[in-house]
Structures are given as C-alpha cells and as structure tokens.
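I sat down with this model to look up its charged contacts, its strands and its surface patches. Here are my notebook entries, in the order I wrote them.

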Amino acid sequence: ILIENNLSLEHIKKINDFIMLKSKDTLWSKFVLMLGIQMKTGLDPKIIVSIENKDIDETNRSIKLPNKLISFSKPNDDDLWDSIMERKSNSKYLFYRTRIQFYPRHKYYLEVDQDLDLPTSPEFFKRRFKQMKSVLNL
C-alpha cells in the first residue's frame, strides 16, 4: 500500500486538498478517485483497479468486493460516491484502460478510451502517486 498509516496530518490535509482540487481535472481525475477510494478503504490499488461496474450497487451506495462490502452511505461520502457514479459506464471495469492525449496547440488534455474490457494497471496508480508526491513536495 502506497499510503502509510503514519502520514502526518499535514500530509493528509495536502492530499485531501489535492483530491478536491484535481477531481475534475482530466489529467488527474481518474487517479484522485482511485486515491479517494484507497484513503477511505485502505484497499490495495490492485483491488481498486479491478472493481467491476456490475458490483456497484447504486441503490445501497456500495461496492461488493470478493471478501467485503464497502458502503458509501455516510454524508461525508457524497463527493466520493458522486465521482464513482460519474465514472461508472457500460465497460466491464470502473477504471478501464484509458490514456491521456495532449493537444499542444490548444494546451488541452483528453482522456481517450483504450480498452473497455481491461482494467487500468496498478502501475498507473503508482506512477501518478509518485507524480502527486512530487507536486506536493511530500
């Protein structure tokens, strides 16, 4: 797990602020949703990338995993749950394979589908985590 339990409150605040700031940012939104789920649940990124859309229960605001049920029913889960609902699609996985395309002339990023039937790699999470730590000087 990339987030240690002994993070200082200052670091946790920086990460939470980063999640709020980047939740709608094309370059970061997928990662910060994964990070938000990890911070709430403590799940390994390998499990997070393997969440299937069919296991998301919109009525009960929960995600069913092989060994546990994760509830998002508390009021402070609203933003995270809303982001999960925005990400949910007809693909097999909540975090299916995509890539970020940059258009230099327009200084514009676009998330492009790569494979709707494959999950995002755990390496994606690790790479973005390292980038975030660098951006935040952690």
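The entries below go from strands to salt bridges to surface patches.

**Entry 1: what I am looking at.** I note at the start that this is a predicted model.

**Entry 2: the three-stranded sheet.** I looked up the strand order and found an open sheet that runs S1-S2-S3 with antiparallel pairing. Its edges are S1 (56-57) and S3 (69-71), each of which pairs on one side only. I then checked how S1 is held to S2 (residues 62-64): two bridges join these antiparallel strands. Across that pairing, isoleucine 56 stands opposite isoleucine 63 of S2.

**Entry 3: the S4 and S5 hairpin.** How many bridges pair S4 with S5? I found eight, in the antiparallel sense, between S4 (residues 96-103) and S5 (residues 108-119). One partner I traced was that of arginine 97, which is aspartate 115 in S5. Four residues lie between the two strands of this hairpin, and lysine 107 there has a positive phi near 50°.

**Entry 4: salt bridges.** My search of the whole structure gave nine salt bridges. As a reminder to myself, side chains of opposite charge can pair when their charged atoms come close.

I started in helix H1, where lysine 13 and aspartate 17 meet at 2.7 Å, N to O. These two are four residues apart in H1, so about one helical turn separates them. Aspartate 17 is partly exposed, because its relative accessible area is 39%.

Next I took lysine 24 and glutamate 86, whose side chains form a salt bridge at 3.0 Å, N to O. This pair links distant parts of the chain: lysine 24 sits in the loop between H1 and helix H2 (29-41), glutamate 86 is in helix H4 (residues 78-87), and their positions lie 62 residues apart. Lysine 24 is exposed at 60% relative accessible area, and glutamate 86 also counts as exposed, at 54%.

Then came arginine 87 with glutamate 111, where the closest N and O atoms are 3.0 Å apart. This pair, too, links distant parts of the chain, with arginine 87 in helix H4 and glutamate 111 in strand S5, 24 residues apart. Is arginine 87 buried or exposed? Arginine 87 counts as buried, because its relative accessibility is 15% and the cut-off is under 20%. Glutamate 111 is partly exposed at 24%.

I also wrote down a network of salt bridges that links Glu52, Lys54, Asp55 and Lys64.

**Entry 5: surface patches.** Which residues form the positive patch? I found Lys46, Lys126, Lys130 and Lys133. Helix H5 (residues 122-136) gives the largest share, three residues. Lysine 46 belongs to helix H3 (residues 45-49), and it is exposed, with a relative accessible area of 52%.

There is a nonpolar patch as well, made of Tyr103, Tyr108 and Leu110, with about 270 Å² of accessible area together. I looked closer at tyrosine 103, which lies in strand S4 and is partly exposed at 33% relative accessible area.

**Entry 6: one more residue.** I finished with glutamate 10, placed in helix H1 (residues 9-22). Glutamate 10 counts as exposed, because its relative accessibility is 52%. I also compared its position with that of glutamine 131: the C-alpha atoms are separated by 18 Å, with the residues 121 apart along the chain.

Key. Residues are numbered from 1 along each chain as its sequence is written. This is a predicted model: local features need pLDDT of at least 70, side-chain atom pairs count only at pLDDT 80 or more; totals for chains, interfaces and linings use all residues. Side-chain values use heavy atoms; hydrogens and water are left out. Patches are made of residues with over 30% relative accessible area and no salt bridge: like charges are joined within 9 Å, nonpolar side chains (Val, Leu, Ile, Met, Phe, Trp, Tyr) within 5 Å. Accessible areas come from the Shrake-Rupley method with a 1.4 Å probe; for residues, only the protein chains shown count as cover. A salt bridge is a side-chain nitrogen of Lys or Arg within 4 Å of a carboxyl oxygen of Asp or Glu. Lys and Arg count as positive and Asp and Glu as negative; His and the chain ends are not counted. The place of a charge is taken as NZ of Lys, CZ of Arg, CG of Asp or CD of Glu. Buried means under 20% relative accessible area, exposed over 50%, partly exposed in between (1.4 Å probe, protein chains only). Two strands pair if DSSP finds at least two bridges between them.
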